[in-house]
Amino acid sequence: MEKQGCSEMEIVSSESHSFIKLLKVNREHLVTHIRNTQCLLDNLLQNDYFSTEDAEIVCACPTQPDKVRRILDLVQSKGEEVSEFFLYVLQQLADAYVDLRPWLSEIGFSPSPLIQSKAVVNTDPVSRYTQKLRQQLGRDSKFILCYAQKEELLLEQMYTDTVVELVNFNNESLGSLDSLACLLDASTGVLNEEGETIFVFGDAGMGKSMLLQRLQSLWAAGQLDPGIKFFFHFRCRTLSCFKESAALCLQDLLFKHYCYPEQDPGEVFAFLLRFPHAALFTFDGLDELHSDFDLSSEPDTSSPWEPAHPLALLASLLSGKLLKGARKLLTARTGVEVPRHLLWKKVLLRGFSPSHLRAYTGRMFPERATRQRLLDQLEANPNLCSLCAVPLFCWIIFRCFQHFHDAFESSPQLPDLTVTLTDVFLLVTEVHLNRTQPTSLVQQNTRSQTETFRAGRDTLCSLGRVAHRGMEKSLFVFNQDEVQASEVREGDLQLGFLRAVPELDLGGEQESYEFFHLTLQAFFAALFLVVDDKVGTRELLRFFQEWTPPGEAVATSTCYPPFLPIQCLGGHGLHGEDPFKNKDHFHFTNLFLCGLLSKGKQKLLRHLVPAGALRRKRKALWTHLFASLRSHLKNLPRVQSGGFNQVQALPTFIWMLRCIYETQSEKVGQLAARGICANYLKLTFCNACPADCSALSFVLHHFRKRLALDLDNNNLNDFGVRELQPCFSRLTVIRLSVNQITDSGVKVLYEELTKYKILTFLGLGKNKITSEGGKCLALAVKNSKSIFEVGMWGNQIGDEGAKAFAEALRNHPSLTNLSLAFNGISTEGGKSLAWALQQNASLRIFWLTKNELDDEVAESFAEMLKVNQTLKHLWLIQNQITAKGTAQLAEALQKNTGIMEICLNGNLIKPEEAKVFEDEKRIVCF
């Protein structure tokens with residue numbers, strides 16, 4: 001009688017016993033855990049160990065265990081070599097025989113050279129399905145999708161890294177992500193061990209979809225975590241296309257609507273249910289998941305075989321009710337929040353840094369002369385550079401430059417004046433409308449922008465009608481009937497603004513379409529509102545309802561349809577709140593509306609819109625814009641702090657600034673500046689980008705009083721600093737910590753601080769400033785008689801930068817607080833600072849936490865304390881000072897009555913050594 005199970009006594013080493021005996025002793029263990037017999041048969045047949053008759057005998061067995069028993073009987077009857085090969089197949093095809101991995105490891109099976117020379121084919125359904133997924137994702141991610149449908153750009157050649165940061169629950173930086181593979185690394189950035197979701201967010205155009213495409217490409221090439229056997233990618237906007245009556249089980253959603261297994265789908269799905277951690281799901285654009293379907297009326301879906309609406313399946317996947325343990329990666333625009341208990345990591349995309357922009361320029365323009373011409377033009381136009389920090393807008397600008405380079409013999413020239421986002425989208429529209437013009441080697445297209453738009457008016461109206469109808473319902477995918485109802489012709493589709501949705505069939509036979517990007521749909525929606533003379537005032541201003549603060553909701557209905565409620569994910573939001581709700585598509589439409597109806601665009605629009613309608617729309621927009629500005633600025637939160645009348649800007653304020661900038665109206669800018677009515681403007685954690693600095697400067701250069709400006713924890717980088725230059729004549733406080741600023745940005749600050757010597761506070765913590773930037777900034781501090789606080793923590797100025805600050809400290813008349821914490825300062829730099837303080841009577845607080853200061857530095861500070869009686873607080877936390885250095889500091893305190901504390905927590909001082917200094921209360925060791 002065969003015994004059940006496999007006890008420790010039955011484990012027989014493959015090195016000391018025959019393989020036949022090994023199979024006999026562990027027979028029932030093998031019968032219990034081998035579920036795939038076909039793979040064994042295929043390999044035994046291919047290597048001529050089994051005949052066709054043997055295979056037929058096995059296949060005639062009624063049950064799977066019987067088939068395994070028959071295979072074992074036949075293998076053992078054929079001798080040691082066949083038995084050894086049988087074990088070799090089990091070892092090589094680990095995915096097919098995953099339950100036998102521990103057993104194979106215990107018996108220590110090691111095949112002979114003869115057996116290793118035999119070919120093993122993998123016909124396992126799970127492995128075959130993984131291979132098919134890799135092929136499909138590799139094919140789908142190979143090319144970058146472009147506006148022009150005929151163009152194909154290889155992802156491998158064009159993909160450029162951006163600034164990607166791991167952040168905590170409060171969106172504070174935890175450091176940069178070294179590579180995309182680190183997204184799945186459990187050693188960095190994990191916020192919640194129980195969470196399963198990686199949440200990637202950023203503003204529109206920051207490259208979220210491109211990051212996912214790159215991730216797909218890496219997985220398809222086998223360059224991601226090998227433990228991930230399944231990669232399922234869904235775009236949330238297409239999930240919204242399912243009809244309200246649609247009902248699918250999870251298996252149908254994954255197989256019929258994504259990728260179908262070539263064999264045994266039941267076995268593949270069973271493997272997925274047993275090992276959900278082997279799957280990675282990506283959902284792109286969670287904020288675009290809008291539908292008329294009421295998800296709250298659906299029962300929770302926890303059974304993988306129970307049919308449900310695809311949105312209900314999505315909610316159950318995200319909440320862990322389905323496939324708990326599977327890793328999920330979500331993308332969404334800034335402002336969307338996901339319940340904390342679901343999150344494993346949060347990742348913020350910040351766009352191109354200056355170095356990334358240079359790298360991208362090199363990929364787009366391999367020819368050196370053309371590339372340098374473009375870089376020179378960008379250098380001469382900081383405003384254009386700031387737009388290029390957003391990858392999508394950069395790509396559009398570069399494609400326009402490339403078009404002019406190809407179309408004209410003369411050198412292509414980007415605009416050298418102020419460029420708005422409306423200008424960029426008008427330019428790309430002109431370029432693609434001109435693609436319909438016949439060209440030849442001897443005759444170039446010489447149509448003006450006005451002629452191009454006038455000739456393409458019908459096309460613009462048709463596309464605009466589609467875009468506007470989608471905006472009204474927050475929908476981004478359109479079926480063929482909707483496209484035809486808007487009178488879009490076949491030729492209009494060839495322009496590339498609308499493209500066929502690349503996903504598999506969503507339940508209908510007709511093809512669906514979408515705009516290339518949300519911002520493009522917003523532009524065409526705004527263009528429709530301007531160009532269609534039937535649009536009335538109420539319809540024109542409809543999307544401005546989204547500017548209304550939550551407490552002042554207007555009676556008219558919102559533009560938003562129902563959305564995936566937080567309760568479906570186990571969250572507990574306030575009644576009526578939607579944490580996923582994002583208004584960017586409305587805001588972009590408003591922004592383009594302001595740009596199109598600005599004074600500078602009237603020369604173009606008067607050829608497209610009747611003069612009377614244009615005047616009416618302009619008057620209605622400006623009246624509403626002025627009223628909204630006054631109301632919003634009046635209601636901003638205000639507080640009295642540190643002698644300042646401080647105003648806390650809300651996210652809507654950033655969008656208002658952007659809209660004001662699009663108008664390029666000095667009158668609107670003046671009104672906004674007058675409405676601020678404060679001398680401290682706080683814009684922290686607004687995810688402001690360099691282009692927002694252009695908008696901020698456009699308003700603040702009208703501000704007549706001196707001003708404090710707090711821009712900590714944004715994404716300004718060096719381009720943003722350059723755009724702030726018009727403000728420095730009024731700034732007394734500037735906070736720019738955590739903003740990706742490098743030495744190049746510091747040089748701009750040096751020039752402005754030297755020119756306007758009114759700054760009292762400068763914050764540049766946790767940027768990317770090295771010794772060169774440190775020396776530059778120290779020189780500005782040295783020459784300033786007004787500055788009293790400088791925060792330079794978290795940079796890398798090193799000893800050279802520290803020596804420059806030491807020179808600035810000597811006899812400085814006003815500097816009171818200085819932080820050089822976490823800056824890589826070691827012995828030489830520390831000694832220089834200590835010696836300089838012997839000739840300083842102004843500094844009161846000095847932070848040198850987290851450097852590399854040792855006992856030599858402590859000795860120098862001890863000498864300083866014998867001379868300097870004005871320093872009150874010295875922070876030397878987390879350095880390399882021992883009890884010896886501490887003793888020298890304690891001794892120096894006997895001659896110093898001015899200092900209040902020396903903090904030495906986290907140094908190389910043992911608890912028993914610290915007891916010696918207990919009587920000196922000003923020494924803090926623990």
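Let's start at a turn: strand 3 and strand 4 form a hairpin with 5 residues between the strands, and there Asn-171 takes a positive phi near 65°. Strands here are DSSP runs of E with at least two residues, helices are runs of H or I with at least four, and both are numbered from the N terminus. What you are looking at is a predicted model, where local features need pLDDT of at least 70 and side-chain atom pairs count only at pLDDT 80 or more, while totals for chains, interfaces and linings use all residues. Residues are numbered from 1 along each chain as its sequence is written, and side-chain values use heavy atoms, with hydrogens and water left out.

Back to that hairpin. Strand 3 pairs with strand 4 (residues 173-176) in the antiparallel sense over 3 bridges; two strands count as paired if DSSP finds at least two bridges between them. Val-167 sits opposite Ser-173 of strand 4. Strand 3 also runs antiparallel to strand 9 (residues 343-349), joined to it by 4 bridges, and Val-164 has Leu-349 as its bridge partner there. Along strand 3 (residues 164-167), Val-164 and Leu-166 point one way and Glu-165 and Val-167 the other, yet all are buried. Buried means under 20% relative accessible area, exposed means over 50%, and partly exposed lies in between (1.4 Å probe, protein chains only).

Now step back to the whole chain. It has 40 helices and 24 strands, and 58% of its 926 residues count as buried. A contact means heavy atoms within 4.5 Å. Among contacts between residues at least 6 apart in sequence, 79% join residues at least 24 apart.

How far can you trust the picture? The predictor's confidence in each residue is pLDDT, on a scale from 0 to 100. Its mean for the chain is 87, and 89% of the residues reach 70 or more. Be warier of residues 1-16, where pLDDT stays under 50 and the model has 32 contacts beyond four places in sequence. Over residues 571-580 pLDDT also stays under 50, with 22 such contacts in the model.

Further along is an open sheet of 3 strands in the order 10-12-11, with antiparallel pairing. Strand 10 (478-479) and strand 11 (498-500) stand at the edges with a single partner strand each, so one side of each has no neighbour in the sheet. Strand 10 meets strand 12 (residues 512-515) over 2 bridges in the antiparallel sense, and Asn-479 has Ser-512 of strand 12 as its bridge partner. Helix 22 (residues 457-473) packs on this sheet, touching strand 10, strand 11 and strand 12, and its direction makes about 90° with that of strand 12. That angle runs from 0 to 180 degrees between N-to-C directions, using axes fitted to C-alpha atoms, for helices over the stretch in contact.

Then there is an open sheet of 12 strands, running in order from 13-14-15-16-17-18-19-20-21-22-23-24, with mixed pairing. Its edges are strand 13 (638-641) and strand 24 (923-924), each with a single partner strand, so one side of each is left without a neighbour in the sheet. Strand 13 is antiparallel to strand 14 (residues 644-648), with 4 bridges joining them.

Finish with one residue of strand 13, Arg-638. It stands opposite Val-647 in strand 14 and counts as partly exposed, at 35% relative accessibility. The side chain of Arg-638 reaches the backbone oxygen of Cys-677 at 3.0 Å.

Conventions:
Polar contact = N/O pair within 3.5 Å; in protein donor to acceptor, adjacent residues only side chain to side chain.
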